[in-house]
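Student: Could you take me through the central sheet of this model, strand by strand, and show me what packs on and around it? I would like a careful, connected account rather than a list.

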Amino acid sequence: MQRVLFPLLMIGLTFLPACEPSETAKKTDDTSIESRVIDPVTITKTAYKGEADTKTQPTVDDEKANAAIAESQTTASKSASIKPAYRKAHEDLDATLWMQTSAEYYATCRQAYRLAEKQLATAIDTPTWSADLVQQAELSGHQSDKNDLPTAVILDIDETVLDNSPYQARRIREDGSFTPETWKTWVEEATASPVPGVKEFLQVAKDSGVEVFFVTNRENAVEHATRRNLEELGLIEPDAVDRILSKRERDEWTSDKTTRRAHIAKRYRILLLIGDDLNDFVSIGEKPSSQARHDLAVEHADMWGTQWIQLPNANYGGWERSVYDWDDSAEDTVKLKKKYGALQAE
Ligand SMILES: [Mg+2]
């Protein structure tokens with residue numbers, strides 16, 4: 001019935017003069033299609049924020065946006081007063097809502113940690129098994145004294161163990177971006193929630209006699225707050241030995257986590273690496289392109305879901321930074337323009 005009624009309704013609207021805006025109304029209507037078409041080079045934070053004066057606003061335009069607009073023009077809006085959708089939301093809105101409200105985010109995280117639990121048993125029973133590429137090479141093919149090492153798992157913290165989406169939500173409400181100052185304030189509140197499934201996984205690791213290390217790119221200066229957060233969530237014992245390896249805790253512990261994995265691999269056989277960023281698993285080198293990152297993930301295809309467990313993070317990470325060429329200090333508008341340029345429509 002709907003299939004019949006909708007075309008009839010659209011035909012009716014086309015021939016109803018009352019539904020067609022007058023020429024005057026068209027010219028003065030800020031929401032007309034023409035007023036949406038602008039040059040991406042001129043996009044400004046004001047346009048991004050979607051403030052009140054749409055007439056003076058440069059709006060987002062690239063070939064794809066124009067194509068979408070043209071398409072909407074030829075359908076609904078051409079024949080009636082229906083306006084094309086006009087997006088002016090913060091660019092992190094959907095990703096943050098997905099993480100905070102969706103059943104799918106919960107399910108994906110839970111699934112990842114359930115898989116980690118299953119892999120743990122196999123990993124413990126396989127003496128040549130290691131999730132660290134260097135250690136894996138040492139153990140494979142020949143008997144090594146490292147086969148007898150005690151076992152450990154390594155987890156990243158942000159968006160792997162702790163859910164920082166409230167921090168993202170604050171930035172969206174304030175229409176702002178990440179800054180080291182606001183991040184530090186959030187971290188020191190120590191109120192992040194656990195990522196779904198992590199608590200259960202850590203219990204299984206503990207019951208299996210496996211040590212748990214947290215290798216994080218949080219600065220060492222906030223390790224006390226991080227520890228407090230993890231303690232309050234029951235993810236580490238208050239009297240536990242320090243197993244949080246923060247960035248720059250030692251001179252050689254840079255944002256590349258390889259040196260920290262090597263430090264742990266000296267004394268433990270590393271069963272699993274769990275993280276939300278490629279950097280949590282393998283050295284990515286200096287500012288790799290998105291394609292290089294993707295190629296690296298494909299190169300290690302056999303590691304995913306076996307030794308390496310990936311958590312979802314559509315909000316931020318190396319994937320986003322590589323899109324804007326790792327130029328963190330660039331203006332938001334410059335980053336946004338690069339993001340539009342990276343879209344693949346074919
Ligand atoms: Mg992380």
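Tutor: What follows goes through the sheet, then the helices beside it, and then the nonpolar core.

The model is a predicted one, in which local features need pLDDT of at least 70 and side-chain atom pairs count only at pLDDT 80 or more, whereas totals for chains, interfaces and linings use all residues. Residues are numbered from 1 along each chain as its sequence is written.

The sheet is open and has five strands in the order β5-β4-β1-β6-β7, with parallel pairing. Helices (H or I, at least four residues) and strands (E, at least two) are DSSP runs numbered from the N terminus, and two strands pair if DSSP finds at least two bridges between them. The edges are held by β5 (244–247) and β7, each of which has a single partner strand, so one side of each is left without a neighbour in the sheet. On average, neighbouring strands are turned by 20 degrees against each other, direction ignored; axes here are lines fitted to C-alpha atoms, for helices over the stretch in contact, and angles run from 0 to 180 degrees between N-to-C directions.

Strand β1 (residues 151–155) is a good place to start, and four of its five residues are buried. A residue is called buried if 20 or more other C-beta atoms lie within 10 Å of its own, exposed if 12 or fewer, and partly exposed in between, with C-beta atoms placed from the backbone. β1 runs parallel to β6 (residues 269–275), to which five bridges join it, and it also pairs in the parallel sense with β4 (residues 211–219) over four bridges. Leu 155 shows both pairings, since this residue stands opposite Ile 274 in β6 and has Phe 214 as its bridge partner in β4. Elsewhere in β1, Ala 152 stands opposite Ile 270 of β6. Moving outward from β4, three bridges join this strand to β5, and the two run parallel; Phe 214 has Ile 244 as its bridge partner in β5.

Helix α12 (residues 223–232) packs on the sheet, where it touches β4 and β5, and its direction makes about 140 degrees with that of β5. Together β4, α12 and β5 make a right-handed β-α-β unit, the term right-handed meaning that, with the strands pointing away from the viewer, the path from the first strand over the helix to the second runs clockwise. The buried residues of α12 are Thr 226, Arg 227, Asn 229 and Leu 230. Seen down the helix axis, these residues fall within an arc of 160 degrees, so they line one face of α12; the arc is that of the directions from the helix axis to the C-beta atoms. They pack against β2 (162–163), α10, β4 and β5, where contact between two residues means C-beta atoms, placed from the backbone, within 7 Å. Just after α12, Gly 234 takes a positive phi of about 75 degrees.

Helix α11 (198–207) can be read in a similar way. In α11, Val 198, Phe 201, Leu 202 and Ala 205 are buried, and they line one face of the helix because, seen down its axis, they fall within an arc of 95 degrees. These buried residues pack against α7, β1, β3 and β4, and just after the helix Gly 209 has a positive phi of about 75 degrees.

That brings us to the nonpolar core, a set of buried Ala, Val, Leu, Ile, Met, Phe, Trp, Tyr and Cys residues joined through C-beta atoms within 7 Å. The largest such core has 46 residues, and those with the most contacts inside it are Val 153, Ile 270, Leu 271 and Leu 272. Two or more residues come from each of α6 (93–101), α7 (103–125), β1, α11, β4, α13 (258–265), β6 and β7 (308–310), with α7 giving the largest share, seven residues. In soluble globular proteins, nonpolar side chains tend to be buried together. Ile 270 shows the surroundings of one core residue: leaving aside residues up to four places away in sequence, its contacts are Ser 130, Ala 131, Asp 132, Gln 135, Ala 152, Ile 154, Arg 261, Ile 264 and Ala 265.
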